[in-house]
Amino acid sequence: MHKVSIIGAGHVGATAVYYIAEKNLADIVMVDVVEGLPQAKALDYLHAAPMRKYSVHISGTNDYKDIIDSDVVVITAGIPRKPGMDRMDLMKINVGIAKKASLAIAEYAPNAIVIVVSNPLDIIAMVTLQESGFALKKVIGMAGVLDSTRFRYFIAQELNVWPGDVMAMVLGGHGDSMVPLSRYTRVNGIPVSELMDQATIDQLIDRTRTGGGEIVSLLKKGSAFYAPGASVAKMVEAIVKDEKRVLPVSAYLRGEYGYYDVFLGVPVLLGRNGIEKIIQLDLTPDEKQALDQSALGVKKGVETLRSFYRPGLGSDSSE
Ligand SMILES: NC(=O)C1=CN([C@@H]2O[C@H](COP(=O)(O)OP(=O)(O)OC[C@H]3O[C@@H](n4cnc5c(N)ncnc54)[C@H](O)[C@@H]3O)[C@@H](O)[C@H]2O)C=CC1
Ligand SMILES: O=C([O-])CC(=O)C(=O)O
């Protein structure tokens, strides 16, 4: 049986556990700093096992040592945003938390593939890469799967079709300037442009870009977790089953799409080894310009990161 550890047993972490257990993908360890919380949630999940018929083991701990030898570690530890906040506003606190998690992963689970979820996603992925010292292909940000499923759902809702028939691709940073690519969006093979007018597509693109914020405003406290949890489980499944799925994820780029030294959402082939290939699409000038804009936002975030944090030396908010 594979072993997956989830750092942060809060809303996203615990929901990811639900989807992973329901599919019997792996034994699961939940880690959190709050005493009793991961233990209670693990036990609660185990109580449901006879009914839901999962046979995976689920445990909760406050000790990072228990992630030992994990195949996959998911970082969901960190604070979520409140209405009126940008994801970048979470940077200072979450960098410190991600640093601790990354050092523990490097120590106890050096062979793991790491899926980063905490926000600001593309920045926290960078910190995780640098603190863990892991290979580039082993540190993967979860954003595009979530942003794409939102776009897929909005299209399905508009057309009144089965959501599973809609395939879509959202690239770029995990912020409001992300780039939903309508040219790569199809309903069972039919380009979406043949099924709705451009004004409607543009409206759905806008709603996708602010999809996380829409939920933050409604919830008033905290952010989305069901679709994010399901997105994590989909990535975990692709890795532990070595599915070689083509999915948009935040990957560290070294010249791909013309960007260097930045995590950005791009399509990749995801399998047992993590990011097995970055797929380069031929973008139109408009699409490239939109991606440039989004990359610029992430680069600005990296500049902010550099103003208070140096890899390996800690950040002023990290302890
Ligand atoms: N990438 C994406 O698409 C998404 C990212 N997020 C982000 O995920 C993060 C978590 O969100 P939620 O689960 O809703 O928050 P939450 O507040 O429900 O859970 C976070 C958990 O992390 C724990 N934690 C804090 N420091 C820790 C440490 N050092 N080690 C272990 N656990 C620690 C907290 O005790 C808490 O239980 C946020 O930063 C949020 O913005 C949320 C949704 C989607
Ligand atoms: O909106 C947030 O802060 C959480 C998140 O990243 C999302 O739901 O897309």
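**Two domains, their contact and the shell around ligand 2**

The chain is divided into domain 1, residues 3-141, and domain 2, residues 144-306; these bounds come from an automatic or database domain assignment. The model is predicted, so that local features need pLDDT of at least 70 and side-chain atom pairs count only at pLDDT 80 or more, while totals for chains, interfaces and linings use all residues. Residues are numbered from 1 along each chain as its sequence is written, and chains are lettered from A and ligands numbered from 1 in the order in which they are written.

The C-alpha centres of the two domains are 21 Å apart. Their contact involves 38 residues of domain 1 and 36 residues of domain 2, two residues being in contact if their C-beta atoms, placed from the backbone, lie within 7 Å. On the side of domain 1 that touches domain 2, two or more residues come from each of helices H1 (11-22), H4 (91-108) and H5 (121-132) and strands E4 (72-75), E5 (113-116) and E6 (139-141). Helices (H or I, at least four residues) and strands (E, at least two) are DSSP runs, numbered from the N terminus. H1 gives the most to this side, with seven residues. By class, this side of domain 1 has 27 nonpolar, three polar and eight charged residues. Here Ala, Val, Leu, Ile, Met, Phe, Trp, Tyr, Cys and Pro count as nonpolar, Asp, Glu, Lys and Arg as charged, and the others, Gly among them, as polar.

For residues 3-141, an unreviewed UniProt entry gives the feature "domain: Lactate/malate dehydrogenase N-terminal"; such annotations may be inferred rather than shown by experiment. This span is 41% helix and 18% strand, and its end C-alpha atoms lie 19 Å apart.

Ligand 2 is surrounded by 13 residues, of which Arg81, Arg87, Gly212, Ser223 and Ala224 are the closest. A residue counts as near if its C-beta atom, placed from the backbone, lies within 6 Å of the molecule. Each domain supplies at least three residues of the shell, and helix H8 (residues 211-219) gives the largest share, four residues. The shell has six nonpolar, five polar and two charged residues.

Helix H9 covers residues 226-240; at 1.5 Å a residue its 15 residues should span 21 Å, and its end C-alpha atoms are 21 Å apart, which agrees. The expected span is 1.5 Å times one less than the number of residues. In H9, 11 of the 15 residues are buried, among them Pro228, Val232, Met235 and Ile239. A residue is buried if 20 or more other C-beta atoms, placed from the backbone, lie within 10 Å of its own. Asp242, which follows H9, has a positive phi, near 50°.

How values were computed
Buried ≥ 20, exposed ≤ 12 C-beta atoms within 10 Å, placed from the backbone.
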